[in-house]
Amino acid sequence: MKKIIYTLIAFVGAIGFISGQDVSEHEMSMSLGKQITFSIDIDGADEDMTEDVWKKYVKDYGKSKRNKKAREYYVVGAKVPMIAGSDILDLYVKFEERVGYTTANLWIDNGGSFVNSNEYPREAKGAEEFLFEFYLAVKKKAISEEMKKEEKVLNKMDKSLRKLEKKNTGYHEDIEKAKEKIEKAEKNIEQNLKDQEDQRIIIEQQKKIIEEIIERLNNLGKG
């Protein structure tokens, strides 16, 4: 089963690194106004799962905090080499759960303005890679959770099968016991028929004895 999980994860990873075309760039409101954001839809993941993966994913780049009012996570002074080399950035991310998927929205403040493909093409490309790697991390988690869920279903099915197999064994045992009872009953029937015949012989003999006594009674006083 683990082999299946690793195969699926490798497959998702292989597809993911082909291109970053699933990452979109557009303006969107956030805690600092309307800014350029990089967004990606993550199917099969809810908001809670996506947030949990984000907290672990971003640890390598800085400390993530939550702005409850804006429903955003932010990292001040983050170091993300794939985006800005050794320069520091402020990251802002917001998750929006929809039916069957969650959208991750990432804003990147490089100190002068927010990263966008027009003004900062290299940084924008790095941002897409950064967000796509996060996407893959969430997908791996989602697939792993899905596999655990399906394994539980499989385990229940296995238990049901074992119960059926146990019942089947019991039925065969019942049949064997029934066969023994039938065999014993057949022998009893055979013996019973012999006993009946013997009893009939004894009864006939007893009848003869009674007939002889009656005859003797009838012969009293004669002669």
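This is a short tour of one helix, the aromatic rings beside it and the strands that follow. Keep in mind that you are looking at a predicted model.

**Stop 1: helix α2**

Select residues 47–57, which make up helix α2. Colour E47, M49, T50, E51, V53, W54 and Y57, since these residues of the helix are buried. While you look down the helix, remember a general rule: an α-helix has 3.6 residues a turn, so residues three or four places apart point the same way.

Now go to the N-terminal end of α2 and show the side chain of D46, which caps it. One of the side-chain oxygens of D46 lies 3.4 Å from the backbone nitrogen of D48.

What covers the buried residues of α2? Show the strands β2 (33–43), β3 (65–67), β4 (72–79), β5 (88–98) and β6 (101–109), then add helix α4 (121–219); the cover includes these elements.

**Stop 2: the aromatic rings**

A search of the whole structure turns up twelve aromatic pairs. Start with W54 and F95: their ring centres are 6.4 Å apart and their planes meet at 70°, so this pair is edge-to-face. W54 sits in helix α2 and F95 in strand β5, so the pair links distant parts of the chain, 41 residues apart. Are these two residues buried or exposed? Both W54 and F95 are buried.

Keep F95 selected and add Y73. The rings of Y73 and F95 have centres 6.3 Å apart and planes at 50°, which makes the pair tilted. Because Y73 belongs to strand β4 and F95 to strand β5, this pair ties together parts that are 22 residues apart in sequence. Y73 is buried, with a relative accessible area of 6%, and F95 is buried too, at 1%.

To see the wider group, select W54, Y57, Y61, Y73, F95, F130 and F134 together: they form one aromatic cluster.

**Stop 3: the strands**

Switch to a cartoon view and pick out β3 and β4. These strands run antiparallel and are joined by three bridges. Click on N67, then on its bridge partner in β4, E72. The two strands form a hairpin with four residues between them. Within the turn, find R71, which has a positive phi of about 55°.

Finally, move on from β4 to β5. How many bridges pair these two strands? There are five, and the pairing is antiparallel. For a last selection, choose V75 and look across to L91 in β5, which stands opposite.

How values were computed: Residues numbered from 1 in each chain as written. Predicted model: local features only at pLDDT ≥ 70, side-chain atom pairs only at ≥ 80, totals over all residues. Heavy atoms only, no water. Buried < 20%, exposed > 50% of the residue type's maximum accessible area, 1.4 Å probe, protein only. Contact = heavy atoms within 4.5 Å. Polar contact = N/O pair within 3.5 Å; in protein donor to acceptor, adjacent residues only side chain to side chain. Phe/Tyr/Trp six-rings, centres within 6.5 Å; stacked < 30°, edge-to-face > 60°. Pairing = 2+ DSSP bridges.
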